[in-house]
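Me: I would like to go through this structure slowly, with questions about its sheet and its cores.

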Amino acid sequence: PGRAHLWLVDSNLDWGQEMPGLATWLQQHRRESEPIYLDCFGVERPEVYGVVGMPLGRPTDDGRSQQLQPGLFCISATSLMSVYDDPVGPWCEKFERAYWSLRHTPADRFNPETASVLSQLQAARLKAFLRKRSPTATIAGAILIFRLSADDLATALNGSPAELEPQSWIELESLKQ
């Protein structure tokens, strides 16, 4: 229990079926005004079950990169393992270079596309950090909930990366051909 995501993802474990369980957990454990970030795989719509949160890895409506705050990060197993994400797979040197390059983009060169890519990279770096951490709670092995403080976020987004592979999966695949 709580570790199935290390071996199983996609329809083997996670297809969005645990939204009712997440809704119940949030009703019982969410602190007042605590932000909720969601990154859930599957076809279920969280709001149908009363789960309302900010999508992780998306820029703001006004075209700025996402500014994460301490709160609850509810991430499904498939999303946590970055199976279908952009960028896909473990955090690697290429992603790290792109992340820091975009973080240092001058304000006058920042645009909605840059904000979108930076938001995706930020979410991927955060998930690499979370893969090395025990969740606060797990809903049937499919949704992992992490309660993060400001210090946790600072470590995840500004500190040394929790994982750093030399190459991405895509780069490794191209070397085989």
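The questions and answers below begin with the basis of the model.

This is a predicted model, in which local features need pLDDT of at least 70 and side-chain atom pairs count only at pLDDT 80 or more, while totals for chains, interfaces and linings use all residues. Residues are numbered from 1 along each chain as its sequence is written, and side-chain values use heavy atoms, with hydrogens and water left out.

Me: Which strands are the edge strands of the open sheet?
Reply: The open sheet has five strands with mixed pairing, in the order 2-1-3-5-4; strands are DSSP runs of E with at least two residues, and helices are runs of H or I with at least four, numbered from the N terminus. Two strands pair if DSSP finds at least two bridges between them. Those that pair on one side only are strand 2 (54–55) and strand 4 (137–139).

Me: Which residue in strand 2 stands opposite L38?
Reply: Strand 1 (residues 36–39) runs parallel to strand 2, and two bridges join them. Opposite L38 in strand 2 stands P55.

Me: Which element gives the most residues to the largest nonpolar core?
Reply: A nonpolar core is a set of buried (under 20% relative accessible area, 1.4 Å probe, protein chains only) Ala, Val, Leu, Ile, Met, Phe, Trp, Tyr and Cys residues joined through side-chain atoms within 4.5 Å. The largest has 26 residues, of which L68, F73, L126 and L130 touch the most other members. With eight residues, the element that gives the most is helix 4.

Technical notes. Buried means under 20% relative accessible area, exposed over 50%, partly exposed in between (1.4 Å probe, protein chains only).
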